[in-house]
Amino acid sequence: MSSVFYTAEEIKFKKEIHDWLQENIAPLVQPAIDGDYNAVKKAMILMGKKGLCGAIHDPKYGGTGKGMVWESILAEEVAGINGAIEMTRLVSASLFGMPLATSGTEEQKKKYLPKITSGEWIGAIAMTEDTAGSDLSMMQTQIVREGDEYIINGHKRFITNGGEANVVSLYGVLQNIEDPNPRKRITGVLVETTTKGFEITERYDLAGMEGASVARMEFKDMRVPVENLVGTEGQGFAILMSELNVERVGMAAACVGHAQAAFDIALKYSTERVQFKRPISSLEGVSFRLADAAIKLQAARLLTLEAAKMIDAHKEKEATIAASSAFAFGTEMELEVTNTCVMTLAGEAITKRTDVVPCAWRMAPVMWVVGGTTDIQKFIIQRELYGPFIKKKKKVAPKPKAG
Ligand SMILES: Cc1cc2nc3c(=O)[nH]c(=O)nc-3n(C[C@H](O)[C@H](O)[C@H](O)COP(=O)(O)OP(=O)(O)OC[C@H]3O[C@@H](n4cnc5c(N)ncnc54)[C@H](O)[C@@H]3O)c2cc1C
């Protein structure tokens with residue numbers, strides 16, 4: 001961590017958190033990977049007590065209000081301990097918590113945010129459906145307003161924390177709005193998972209991020225009070241899009257954390273493993289690969305820091321391209337760096353499925369997919385790059401003649 005880019009206070013915080021996580025959360029990793037979700041819940045409560053679920057939340061609701069740079073330091077450090085535990089924390093505190101913090105009512109914030117920042121409750125966000133992956137405007141879940149209630153029918157799939165969450169921020173299409181643009185009908189509501197009509201219909205057997213709860217859920221005539229509306233009716237899509245920068249920077253930081261943890265092990269291993277009567281670190285085929293990995297890791301960290309600082313400075317427009325750049329670069333860096341680490345450990349990595357290096361390696365494609373695939377991040381980046389040209393073109397277009 002470079003002292004040129006981080007303040008002394010941030011560096012101190014990172015070191016303290018690193019040591020605290022090693023002592024308190026690392027022992028919970030193996031049980032979590034083995035499928036004991038109580039270990040994940042315990043990690044959430046411990047992190048909540050330590051203030052690690054509230055960096056982006058107001059102290060009024062149990063947060064620390066430290067902001068996005070601190071949140072990115074946290075995401076990196078927790079991800080360095082374990083990807084599943086970090087994703088649980090990130091989804092609950094950020095993906096569930098942020099839309100609520102910015103668009104929720106005072107009552108909603110008072111009711112849910114302290115439970116989220118304390119780690120006592122786990123939140124989830126449910127957008128993806130069978131027909132709506134990268135294109136969320138294709139969601140089919142129906143919300144019908146009837147008096148003081150919303151009646152919800154439909155399903156969501158691939159929902160992180162889904163099988164264990166206490167509360168879900170659910171997005172569907174409000175049938176009472178007549179607008180040909182489906183995005184203008186998407187509406188968000190808060191749903192407690194004990195609500196009648198809410199059912200978990202599948203718990204996915206994950207090929208990475210083992211220990212996390214990712215589930216499919218279905219809603220049959222599920223009724224929630226209108227007080228649970230997030231923002232206004234039809235504002236759901238806009239709310240989702242406006243909060244994505246925070247999510248992307250958190251995800252980018254997590255990519256750095258997974259890759260750094262694997263890299264530290266691979267670097268050390270290369271100095272210890274002797275073949276052909278010398279440590280493999282003396283072979284340029286090995287050490288140059290690790291040098292490349294170190295360059296990419298630091299580049300990813302700095303892109304993440306830049307985007308985090310833009311969010312803290314409320315530079316929303318610049319933050320969009322910066323957050324997608326950090327996330328896209330981070331996912332591709334993680335794929336490459338964790339591959340290098342597996343190559344360095346060779347058989348040692350392939351035969352120890354739950355060790356840090358193979359876990360980070362399997363986490364890499366997960367990061368490429370979640371929170372909008374890396375293709376979608378590049379789509380956003382090019383859209384932002386070409387935006388001014390398209391606007392200019394529109395300006396010079398000849399006006400239609402009257403008559
Ligand atoms: C482990 C895990 C956890 C998840 N957690 C959540 C969650 O908590 N909440 C939630 O709502 N969702 C969640 N998701 C869903 C995730 O956000 C989607 O899987 C992701 O957005 C991609 O959707 P898809 O899988 O349907 O792929 P598709 O959208 O079908 O994409 C298939 C391929 O086409 C490419 N593609 C699609 N459109 C374009 C385009 N316009 N330009 C270029 N390429 C394109 C994609 O990049 C990809 O390579 C999770 C997914 C996983 C795997």
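Me: How many bridges join strand β6 to β7?
Reply: We're looking at a predicted model here. Strand β6 covers residues 198-203, and β7 covers residues 214-225. The two run antiparallel, and the number of bridges joining them is five.

Me: Which residue in β7 is the bridge partner of E199?
Reply: Start in β6, since residues 198-203 make up that strand. Look across to β7, and the bridge partner of E199 turns out to be E218.

Me: Which strand do nine bridges join to β7?
Reply: Go back along the chain to residues 149-160. That stretch runs antiparallel to β7, with I151 and R223 as bridge partners. The strand you're after is β3.

Me: M209 sits in a loop, but is it buried or exposed?
Reply: M209 is in the loop between β6 and β7. Its phi is near 60°, a positive value in a residue other than glycine. Most residues other than glycine have a negative phi. The cut-off for buried is under 20% relative accessible area, and M209 has 5% relative accessibility, so it counts as buried.

Me: And K277, buried or exposed?
Reply: K277 also has a positive phi, near 65°. Its loop lies between β9 (274-275) and β10 (278-279). Exposed means over 50% relative accessible area, and K277 has 83%, so the word for it is exposed.

Me: Zooming out, how many helices and strands does the protein chain have?
Reply: β3, β6 and β7 are among the strands. For the whole protein chain, the tally is twelve helices and ten strands.

Me: Why can we call the protein chain as compact as a globular protein of that length?
Reply: The globule rule gives 22 Å for 403 residues. The C-alpha trace spans about 80 × 60 × 40 Å along its principal axes. The chain counts as that compact because its radius of gyration is close to the rule's value, at 22 Å.

Me: What share of the contacts with a separation of 6 or more comes from residues 24 or more positions apart?
Reply: Picture the fold first: 52% of the 403 residues count as buried. Among contacts with a separation of 6 or more, the share from residues 24 or more positions apart is 74%.

Me: What part of the exposed area do carbon and sulfur atoms supply?
Reply: The protein chain exposes about 18600 Å². Of that area, carbon and sulfur atoms supply 56%.

Me: How many Å apart are the mean positions of the positive and negative charges?
Reply: The protein chain has 48 positive and 50 negative charges. Take the mean position of each group, and the two are apart by 5 Å.

Definitions and conventions
Residues are numbered from 1 along each chain as its sequence is written. This is a predicted model: local features need pLDDT of at least 70, side-chain atom pairs count only at pLDDT 80 or more; totals for chains, interfaces and linings use all residues. Side-chain values use heavy atoms; hydrogens and water are left out. Two strands pair if DSSP finds at least two bridges between them. Helices (H or I, at least four residues) and strands (E, at least two) are DSSP runs, numbered from the N terminus. The radius of gyration is taken over C-alpha atoms; the globule rule is 2.2 Å times the number of residues to the power 0.38. Buried means under 20% relative accessible area, exposed over 50%, partly exposed in between (1.4 Å probe, protein chains only). Contact means heavy atoms within 4.5 Å. Accessible areas come from the Shrake-Rupley method with a 1.4 Å probe; for residues, only the protein chains shown count as cover. Lys and Arg count as positive and Asp and Glu as negative; His and the chain ends are not counted. The place of a charge is taken as NZ of Lys, CZ of Arg, CG of Asp or CD of Glu.
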